[in-house]
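Student: Could you take one part of this model and go through it closely, from the elements that build it to the residues that meet there? I would like one connected account, with the rest of the model brought in where it gives context.

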Amino acid sequence: MTVTEICQESDASARSPRAANSDGAMVALVGNPNTGKTTLFNKLTGLRARTANFPGITVDLRSGRVQLESGFAEIVDLPGLYSLEAVSPEEKVTAKVLAGGLEGTPAPDVVVLVLDATHLERNLVLASEVLDLQLPTVVALNQFDAARSADIKIDISKLSAALNSPVVPVSARTGEGLDTLCRIVDESLSEKLPILNQDHQSCTAGCTGCTFAARFDWAERVSDANVQAPPTHGRRTDAIDRVLTRPFVGVAAFLSIMLVVFYLIFSLASIPMDMVDEAFSAIGAAADRLIPEAPLPAGLWFGTVFFLSMILFTAGYAAAGISWNRRSGVMAIALAAAVSLLPVEDFRSLLIDGVIGGVGGVVIFLPQICILFFFISLLEDSGYMARAAFVMERLMQFVGLPGKAFVPMLSAHACAIPGIMAARVIENWRDRLVTILVLPLLTCSARLPVYTMIAALLFSDSPSSAAMVFVGAYVLGISAALFSAWCLKKTILQGSAVPLVIELPAYRVPSLRNAVAAVIDRGTVFVRQAGTVILMISVILWVLATYPKLPDVDTGAATSGEVTAEQAGAQEALAYSFAGRAGRLVEPIFRPLGFDWKINVGVLTSFAAREVVVSTLAIVYGIGEESADDEATLVETLQRQTRPDGSPVFTKATGFSLLAFFVLAMQCLPTQAVTKRETGSWKWAVFQLVYMSAMAYVAALVTFQSCTALGL
Amino acid sequence: MSHITLSHAGPGTFRCVEITGQGEPVVRLKRMGICGGRHLTIVQSGDPMILRVVGARIGLSRELAASVIVDSDRVNADDVMSAANAQCDGDDCD
């Protein structure tokens, strides 16, 4: 019998948006890391759990609803911890929730204490602390099947007596015992079993002053009295670790594993990315056909567009978690009305270029992010991630970061966003913050189109030199990140990285279900956070690049050579717009970098997403947006450009300067949104933007001036 | 019996006497079982080193190992067996 038949999950319609507000009972899962707690949670809730928004904390708590016999209960997966003396932000949340100290969230009605049957003594330390809280507690003795096959014998009834709580042997992997667990939880909920005083804390004060020593002594006594384990033989984990944790072999093994993961990310992601690209082009084309050429009766047009805009706002607010109040409501209505009053052609451009293009530009990175999280989850589940942190520890300490920062930094080479989310594994807040702040300097895949353009611009005749441009850009990004981390550690975030203490759990076969759950969870967060911000920003940038419009003149007059009337019109319109004017306005600032006002327009419009610079340059140099895909035409056109004095714009100096700028500049608002989310304030997102922009400016300035001095 | 720091100890099993220092690093050590009265087995020396503590393998940097005070004499081998094997360490558990 499967657990879903017993603990029937309720249908989606019965859900409340917040676990904290649901009138169902709250059941909290608590346990050490590596006890299979999340596997148990995923098995109990199916794949329909969600990240709950608890007010006042930045830590994600996953929760899901489970139907018990006497009603539904909301299960919350509290972050794993070794002790209620919490160190990391996640652990502090667990301790706070259990103490009932989280604002708006009462203490859980029942605590399910997840203990690993194969490491019971170690797990009993947290158990003693949790039992001291005197909350109704049910002990789930997980990985019982593994303990059985290792010939570990545990006297359940004696253990239950020692812990003064019901103890249910379960296996989250096979589903064994989960029906009993659900029943006992239900009984504790409905009967409110009396809580008996424990005697294990007899030594918490006055003995030696070390409460941990007393708890470990108690754990040893309970374990010795109730657990019989055979002398272990054939130490598989030991044998694997003898290879994987060796100083040089270990690092080599780790880099090979990551190389394979990255190869898979880039090769597997290309297919869905092409599909996303085509899908959004198709949606754009369909929208183009749907919008009538001739204006409809004004009332009908206004009504339809207003209605559709309001639907979009409702969806956007729901996704971003914005509540409807007077201010947000007025803003939505005003903006929807403004959109409805647009001329048909402007509306067409807004919808296709602004909205559909903007959203498509973000969704295209979703496959990479999902695949990355899939592999990270598998590696974590298998127990390997702890070894990765272990072998990288010494190398990372040189720049003042912990070994655990290495996996986020590698992930950032696909996209900074999953890297920032993966930085949660770093327990110490300062170390985590430094890592988050430097991650966007690493070369992400959105920079590749820009590098491709610049490499072709600089060395169109020499593929090997063009390849060196890529190598140089990657090296510059990595060096800048490590250097910035070192600087931050010496200045505003002082302190050396917290030295390593990490459990190296037994290797095991990773769970596919956990990986899929992680992908759904992280993917949703990405679309919600990045998607809504990028939608807003791409609309704002559309406005800046479209208005004010050219006065009605005959655009055909500008036609010259192979530049068509339409392309020339787009070029002039952009030059006349706010963006074009801003490009001219900032010309004095960017002139020392070798940028002319047209490059400035590219820099400004790619503020939200750096890859946009390629299509902007295509428009601003008058070859039309479509030509941006045709690298040869674009590069040829760019190479032909001259300054007022007749010298070419794109000299080697300008090219290198532009490259240095795009390696180092922030130029990605979705990343900023995620930085804000993970650090809990806009302060750090703004800091990230400012220091990276300053660094990009200085680097481009030095590059251009020294290249010019060298006569390049 | 004299005391040494764990960073100076070779392979073998030692009884932990106390942890020097205070604050977060000490809590991080203690909650993992690197705490007065426990037996610590050095499985692999180096920086970071690998210990076996209360049935689990712990990676520990030398910097922190320097704050762990242990008895300089190794614990009797028979005691080690019973201490180290009190729990399955995961090899045949899966």
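## Helix pairs of chain A and the sheet shared with chain B

Tutor: In this predicted model, α18(A) and α20(A) are oblique to each other, because their axes cross at roughly 140 degrees, and this value does not pass the cut-off of over 145 that would count as roughly antiparallel. The helices concerned span residues 429-438 and 463-490 of chain A, and their axes come within 9 Å, the crossing being right-handed. On the side of α18(A) the contact involves Val434(A), Leu437(A) and Val438(A), which meet Ala481(A), Ser484(A), Ala485(A), Leu488(A) and Lys489(A) of α20(A). Sorted by class, this contact of α18(A) with α20(A) comprises six nonpolar residues, one polar and one charged.

Another pair in chain A can be set beside it. Helix α13 (residues 344-363) of chain A packs with helix α21 (residues 512-546) of chain A at an angle of about 145 degrees, the axes being 8 Å apart, and here too the crossing is right-handed. Among the residues that make the contact are Gly354(A), Gly357(A), Gly358(A) and Gly361(A) from α13(A), together with Ala530(A), Gly531(A), Ser538(A) and Trp542(A) from α21(A). The contact of α13(A) with α21(A) divides into nine nonpolar residues, eight polar and one charged.

These helices belong to a chain with 30 helices and ten strands. Chain A has 712 residues, of which 48% count as buried, and of its contacts between residues at least 6 apart in sequence, 74% join residues at least 24 apart.

The part that I would examine most closely, however, is the one where the two chains meet. Here 39 residues of chain B are in contact with 45 residues of chain A. On the side of chain B that touches chain A, the elements giving two or more residues are α1, β5 (56-60) and α2 of chain B, and α1(B) gives the most, with seven residues. That side of chain B is made up of 16 nonpolar, eleven polar and twelve charged residues.

The two chains also share a sheet. It is an open sheet of seven strands with antiparallel pairing, in the order β10(A)-β5(B)-β4(B)-β3(B)-β2(B)-β6(B)-β1(B). Its edges are formed by β10 of chain A and β1 (3-5) of chain B, each of which has a single partner strand, so one side of each is left without a neighbour in the sheet. On average, and with direction ignored, neighbouring strands of this sheet are turned by 40 degrees against each other.

At the join between the chains, β10(A) pairs with β5(B) in the antiparallel sense over four bridges. Leu504(A) stands opposite Arg57(B) in β5(B), while the bridge partner of Val501(A) in that strand is Leu60(B). In a regular strand the side chains alternate between the two faces of the sheet. Within β10(A), Val501(A) and Glu503(A) point one way and Ile502(A) and Leu504(A) the other way, and all are buried. Further along the sheet, β2(B) and β6(B) pair in the antiparallel sense over three bridges, with Ile69(B) in β6(B) as the bridge partner of Glu18(B).

Across this sheet lies α1(B), which passes over β10 of chain A together with β2 and β6 of chain B and runs at about 140 degrees to β2(B). Within α1(B), residues 24-31 of chain B, Arg28(B), Leu29(B), Lys30(B) and Arg31(B) are buried. The buried residues of the helix pack against elements of both chains, namely α4 (120-132), α8 (211-226) and β10 (501-504) of chain A and β2 (12-19), α2 (62-65) and β6 (68-71) of chain B. After α1(B) comes Gly33(B), whose phi is positive, near 100 degrees.

One residue of chain A leads back to where we began. Leu135(A) is found in the loop between α4 and β6 (137-142) of chain A, and Leu135(A) is buried because 20 other C-beta atoms lie within 10 Å. With residues up to four places away in sequence left out, Leu135(A) touches Ala107(A), Pro108(A) and Val111(A). Leu135(A) and Val344(A) are 209 residues apart in sequence, and their C-alpha atoms are 63 Å apart in space.

Terms used:
Residues are numbered from 1 along each chain as its sequence is written. Chains are lettered from A and ligands numbered from 1 in the order in which they are written. This is a predicted model: local features need pLDDT of at least 70, side-chain atom pairs count only at pLDDT 80 or more; totals for chains, interfaces and linings use all residues. A residue is buried if 20 or more other C-beta atoms lie within 10 Å of its own, exposed if 12 or fewer, and partly exposed in between; C-beta atoms are placed from the backbone. Two residues are in contact if their C-beta atoms, placed from the backbone, lie within 7 Å. Axes are lines fitted to C-alpha atoms, for helices over the stretch in contact, and angles run from 0 to 180 degrees between N-to-C directions. Angles under 35 degrees count as roughly parallel, over 145 as roughly antiparallel, 65 to 115 as roughly perpendicular and the rest as oblique. A crossing is left-handed if the near helix is turned anticlockwise from the far one by less than a right angle, and right-handed if clockwise. Ala, Val, Leu, Ile, Met, Phe, Trp, Tyr, Cys and Pro count as nonpolar, Asp, Glu, Lys and Arg as charged, and the others, Gly among them, as polar. Two strands pair if DSSP finds at least two bridges between them.
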